[in-house]
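Good morning, colleagues. Please take a moment with the sequence and the model before I comment on selected features.

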Amino acid sequence: MTEKKPFVSAQRLREIVKEYPTPFHIYDEKGIRENARKMKKAFSWNKGFKEYFAVKATPNPFILKILKEEGCGCDCSSLTELMLADSLGFKGDEIMFSSNATPPHEFEFARQIDAIVNLDDITHISCLEAHGGIPETICCRYNPGGTFKITTSIMDNPGDAKYGLTPDQMIEAYKILMTKGAKNFGIHAFLASNTLTNLYYPTLARTLFKFAVRLKRETGAHISFINLSGGVGIPYRPTDEANDIELIGEKVREVYEEVLVPEGMGDVAIYTELGRFMLGPFGALVTTAIHEKHTYKEYIGCDACAANLMRPAMYGAYHHITVMGKENEPCDHKYDITGSLCENNDKFAIDRMLPKIDMGDLIYIHDTGAHGYSMGYNYNGRLRSAELLYKEDGSVQLIRRAETPRDYFATFDFCDVLKDMNWDA
Ligand SMILES: *Cc1c(COP(=O)(O)O)cnc(C)c1O
């Protein structure tokens, strides 16, 4: 069980919305920092450990700065994410470039800023060679195929995933890369997402560590790091049990000492690329109930929609909801909580038992800190919301303004087709 409690009080939120109208995502600086420190401590047994925050989860420069201060690097998957990391002063080996189907000019920029390139395919070797060149330190993404099991339960299906190289391709790729001047190698794999078991990383680590031993034996390559990537989950539901990162770190250490150390590989650095675990619980989407509708079901219409948070519409994902100021009232009303898109899947919750909602109530949607704002889109011409930072001293900082119609229409600025637009509408 996990207690789902907003990190900001109803009273404080009432003050905040006077200055910043809903909807907005708000992030908890204190929570982010404390969690990042816990993460770092859990792997402090490993000398080279580094968490490369998955930028796609929360691509906000203010958030990235906080994580940088806590010692994190950046994991980027596109040119704009690389540009963001570079502009914030992340340097060379503080940037991981884990992309796939990579446009060649993105390899070029990654090499320009000396980011660590993580290749998703054996054919990308020649592409990288032609576009930026082969660096001394390089990583390849591993896909063992089949199903990924923890003890006997199937966690995910790597054999169906588009990512990574097969085991034989990995061996061949390392041999080719060595002939082209690469000297230090990494291995990366992301085999299951949003896992809620302390065994995910240790199980993945065993697979990767064993494969690292094989790679070293068969190619003579110097393995300098192993990247456990993302996938450590968070308790979206009150009935979920949170992962224990300290225990996870300890279990990975045990596997490290069992598999790598006896092979003389006790200098291998462990990297992670967590997004959800680092930010998910430390963000919330705050929206106002603006309509109620009584037809075949009871509906509450909000001023946010799936354009602000896509996960429920896209994956049927559960996000816990607190009706602010009614935390202690009985959940005796059944609602669908909806947005305004002309799409029937635009619902933040379906048949959810909540306290009676009145118009104007603030609805706090939990755990939107990762893959929340960043998945936003503009369907129906809906605009993306602001992002706020709830700082450690209790003050609030605007860290991204809300989109305006001018942003939405900005891609027509090369011509005058919208010259008669009423911008004051
Ligand atoms: C999305 C992604 C991550 C982060 O995943 P989380 O589920 O947020 O931990 C890490 N690495 C890569 C390559 C990714 O694509």
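By a polar contact I shall mean a pair of N or O atoms within 3.5 Å. With that in mind, please turn to the ligand in this predicted model. A nitrogen atom of the ligand is 3.3 Å from an N or O atom in the side chain of D75, and this pair is a polar contact because the distance falls within 3.5 Å. The side chain of K56 also takes part, with an N or O atom 2.6 Å from an oxygen atom of the ligand. In G231 the partner is a backbone N or O atom, which lies 3.0 Å from a ligand oxygen. In total, 15 residues surround the ligand, and the closest are K56, G231, E273, R276 and H371.

I move now to the strands. Strand 6, residues 137-141, is mostly covered, with four of its five residues buried. Which strands pair with strand 6? One is strand 5, residues 116-119, which runs parallel to strand 6 and is joined to it by three bridges. Within this pairing, N118 has C139 as its bridge partner. Between these two strands the chain passes through helix 6, residues 124-130, and the resulting β-α-β crossover is right-handed. The other is strand 9, residues 184-188, again parallel, with five bridges to strand 6. There, I138 stands opposite F185.

Next, helix 8. This helix covers residues 200-219, and its 20 residues reach 28 Å from first C-alpha to last, close to the 28 Å expected. Its buried residues include Y200, L204, L208, F211 and L215. Against what do the buried residues of helix 8 pack? Their partners are strands 7, 9, 10 and 11, together with helices 7 and 9. Directly after helix 8 comes G220, whose phi is positive, near 75°.

I close with some backbone details. Most residues other than glycine have a negative phi, and most peptide bonds are trans. D114, in the loop between helix 5 and strand 5, has a positive phi near 65°. D114 is partly exposed, with a relative accessible area of 48%. N380 likewise has a positive phi near 65°, and is found in the loop between strand 17 and strand 18. Its relative accessible area is 36%, so N380 too is partly exposed. Finally, a cis peptide bond joins T22 and P23, with omega about 0°; P23 sits in the loop between helix 1 and strand 1.

Conventions. Residues are numbered from 1 along each chain as its sequence is written. This is a predicted model: local features need pLDDT of at least 70, side-chain atom pairs count only at pLDDT 80 or more; totals for chains, interfaces and linings use all residues. Side-chain values use heavy atoms; hydrogens and water are left out. Buried means under 20% relative accessible area, exposed over 50%, partly exposed in between (1.4 Å probe, protein chains only). Two strands pair if DSSP finds at least two bridges between them. A crossover is right-handed if, with the strands pointing away from the viewer, the path from the first strand over the helix to the second runs clockwise. The expected span of a helix is 1.5 Å times one less than its number of residues. Contact means heavy atoms within 4.5 Å. A residue is near a molecule or strand if one of its heavy atoms lies within 4 Å of it. A polar contact is a pair of N or O atoms within 3.5 Å; within protein, one must be able to donate a hydrogen and the other to accept it, and residues adjacent in sequence count only if both atoms are side-chain atoms.
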